[in-house]
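User: Hello! I would like a close look at one part of this model, please, with its surroundings.
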Amino acid sequence: MKGLVALLCGIVFGVGLAVSGMTDTAKVIGFLDVFGAWVPDLAFVMGGAVCVTLVAFRFVLKREAPLLAPGFSLSTNTAVDGRLLSGAAIFGIGWGVYGYCPGPAISALVYLDDKTVIFIVAMLGGMVLANMAGKRLDQ
Amino acid sequence: MFSYTAPLIGGLVIGASAVAMLYFLGRIAGISGIVWGAVSRQADSSWRWLFIAGLLIGPLLFHTLTNTPYPVESPLEWWHAVVGGLLVGFGVKLGSGCTSGHGVCGIGRLSTRSFIATCTFMATGIITVYVIRHLVGGV
């Protein structure tokens with residue numbers, strides 16, 4: 001049951017990414033090109049999504065537990081530290097370089113452009129490197 | 001149709017998926033976290049792999065059923081994909097989240113940390129596109 005829900009949620013999420021234009025690197029870079037030929041349309045993607053979560057999360061989190069799990073798995077980390085800021089900053093640079101963030105990159109695999117495969121492999125490599133760096137920082 | 005209709009609809013759909021993930025599984029629909037959990041073989045990961053499978057099925061369904069053409073292939077080179085992918089992967093792992101986890105879900109649950117992360121990667125994304133397009137004169 002959990003698996004079925006996850007699959008359906010993934011499908012819905014993937015439809016949303018494709019409908020919105022987030023899987024189109026040209027649109028994403030156009031959106032980030034604020035000082036050039038700015039195409040603000042994609043602001044409505046996060047805007048729309050956040051409108052839904054802002055309202056509905058309130059009701060969901062009032063429950064004692066989710067429907068199919070013993071509890072909510074939420075981060076309790078509230079630290080605004082160097083790791084958060086540098087990580088977010090580095091992510092943004094990569095996003096601007098190619099135009100994909102992780103979700104759209106995965107969804108775009110179905111368009112069968114080999115550069116997307118290269119992007120995903122590099123992304124996984126970057127995650128492994130950051131994981132190693134994080135362990136070093138923890139010591 | 002205004003050009004922001006599709007992004008807005010896509011955003012609402014993404015938000016609905018994030019709400020369903022929290023309501024049913026108690027999980028944050030953060031793609032970078034789900035991908036990392038899956039590839040690092042965290043316990044009980046079948047839901048993660050199924051969600052990722054959904055991310056691929058969703059766009060296929062959308063483009064096929066609505067007869068919408070795939071986005072134009074990125075004009076960038078393969079090495080842009082390597083650099084972009086590495087930075088995205090490193091950044092999201094170090095900063096504990098991407099556009100979906102920090103942006104859609106984190107802001108949805110009023111996390112200061114996520115709000116600051118989102119502002120940070122938006123800002124560096126915009127600066128990166130400015131530098132590449134208007135200072136260096138790239139694509």
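Which residue follows α5(B), and is its phi positive or negative?

Analyst: Happy to help! This is a predicted model, so local features need pLDDT of at least 70 and side-chain atom pairs count only at pLDDT 80 or more, while totals for chains, interfaces and linings use all residues. Residues are numbered from 1 along each chain as its sequence is written, and chains are lettered from A and ligands numbered from 1 in the order in which they are written.

The residue after α5(B) is B:L110, and its phi is positive, near 55 degrees. (Helices are DSSP runs of H or I with at least four residues, strands are runs of E with at least two, and both are numbered from the N terminus.)

Now for the helix itself. 10 of the 10 residues of α5(B) are buried, so the rest of the structure largely encloses this helix. Here, buried means that 20 or more other C-beta atoms, placed from the backbone, lie within 10 Å of the residue's own; 12 or fewer makes a residue exposed, and anything in between partly exposed. Among the buried residues of α5(B) are B:T99, B:H102, B:C105 and B:I107. Both chains take part in the packing: the buried residues of α5(B) meet α3 (43-60) and α5 (102-107) of chain A, along with α1, α2 and α6 of chain B. Contact here means C-beta atoms, placed from the backbone, within 7 Å.

Stepping out to the whole interface, 97 residues come from chain B and 101 from chain A. On the chain B side, α5 (99-108) is one of the helices that each supply at least two residues, and α1(B) gives the largest share, 20 residues. That side holds 62 nonpolar, 29 polar and six charged residues, with Ala, Val, Leu, Ile, Met, Phe, Trp, Tyr, Cys and Pro counted as nonpolar, Asp, Glu, Lys and Arg as charged, and the others, Gly among them, as polar.

Another pairing across the chains is α4 (82-98) of chain A with α4 (78-94) of chain B, at an angle of about 155 degrees and with axes 7 Å apart. Axes are lines fitted to C-alpha atoms, for helices over the stretch in contact, and angles run from 0 to 180 degrees between N-to-C directions. α4(A) and α4(B) are therefore roughly antiparallel, a label for angles over 145 degrees; under 35 is roughly parallel, 65 to 115 roughly perpendicular and the rest oblique. The residues of this helix contact comprise 15 nonpolar, seven polar and one charged.

Conventions. Two residues are in contact if their C-beta atoms, placed from the backbone, lie within 7 Å.
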